[in-house]
Amino acid sequence: MAKQIGTSAAIIGRYERNERTPSIDIAKNIAQALNVSLDFLAGDTSVLVKDKEVLQRIEDISNLSEERKKYIFDFIDMCLRDYKAKKAYAS
């Protein structure tokens, strides 16, 4: 992994032992090597989204107007509510 992210095994060990903090470029390389987001790597989110299409859609939605975002979120909420209701009644 050290070669893949552009550093040495000794440095990776220091990161693991919290003796050293990686630069943002190295952290980005680590995240890419592990196929996770920087937020996930830093512990800022408990959600691990590996599906690149889902991530792209989230990024696209974040660039929409507030009105359009609300429309999309209302639709998603409706779909999730219906799915959960069907799942509850099927049990």
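**Exercise 1.** Does Thr7 count as buried, partly exposed or exposed?

*Solution.* The structure is a predicted model, and the class of a residue is read from its relative accessible area. Step one is to take the value for Thr7, which is 21% relative accessibility. Step two is to recall the cut-offs: buried means under 20%, exposed means over 50%, and partly exposed lies in between. Step three is to combine the two: Thr7 counts as partly exposed because its relative accessibility is 21%.

**Exercise 2.** Describe where Thr7 sits and what surrounds it.

*Solution.* First, locate the residue: Thr7 belongs to the loop between helix H1 (2-5) and helix H2 (9-16). Next, list its contacts: leaving out residues up to four places away in sequence, Thr7 touches Ala2 and Ile12. Finally, consider a distant partner: Ile76 is 69 residues from Thr7 in sequence, and their C-alpha atoms are 42 Å apart in space.

**Exercise 3.** Determine whether Lys69 is buried or exposed, and describe its surroundings.

*Solution.* Begin with the position of Lys69, which is in helix H6 (residues 66-90). Then apply the cut-off: Lys69 is buried because its relative accessible area is 16%, and buried means under 20%. Now turn to the contacts: once neighbours within four places in sequence are set aside, Lys69 is in contact with Ile61, Ser62 and Leu64. For Ser62 a distance can be added, since a polar atom of the Lys69 side chain lies 3.4 Å from the backbone oxygen of Ser62.

**Exercise 4.** Characterise the secondary structure and the overall dimensions of the protein chain.

*Solution.* Start with the elements: the protein chain has 6 helices and 0 strands, in the order α-α-α-α-α-α from the N terminus. Proceed to the dimensions: along the principal axes, the C-alpha atoms fill a box of roughly 55 × 40 × 20 Å. Last, compare with a reference: the radius of gyration of the protein chain is 19 Å, whereas a compact globule of 91 residues would have one near 12 Å.

**Exercise 5.** State how the protein chain is divided in burial, contacts, surface and charge.

*Solution.* For burial, 14% of the 91 residues are buried. For contacts, consider those with a separation of 6 or more: residues 24 or more positions apart account for 14% of them. For the surface, the protein chain exposes about 7700 Å², of which carbon and sulfur atoms supply 54%. For charge, there are 15 positive and 14 negative charges, and their mean positions are 5 Å apart.

Key
Residues numbered from 1 in each chain as written. Predicted model: local features only at pLDDT ≥ 70, side-chain atom pairs only at ≥ 80, totals over all residues. Heavy atoms only, no water. Helix = DSSP H or I, 4+ residues; strand = E, 2+ residues; numbered from the N terminus. Rg over C-alpha atoms; globule rule 2.2 N^0.38 Å. Buried < 20%, exposed > 50% of the residue type's maximum accessible area, 1.4 Å probe, protein only. Contact = heavy atoms within 4.5 Å. Areas by Shrake-Rupley, 256 points an atom, 1.4 Å probe, with all protein chains shown as cover. Lys, Arg positive; Asp, Glu negative; His and termini not counted. Charge placed at Lys NZ, Arg CZ, Asp CG, Glu CD. Polar contact = N/O pair within 3.5 Å; in protein donor to acceptor, adjacent residues only side chain to side chain.
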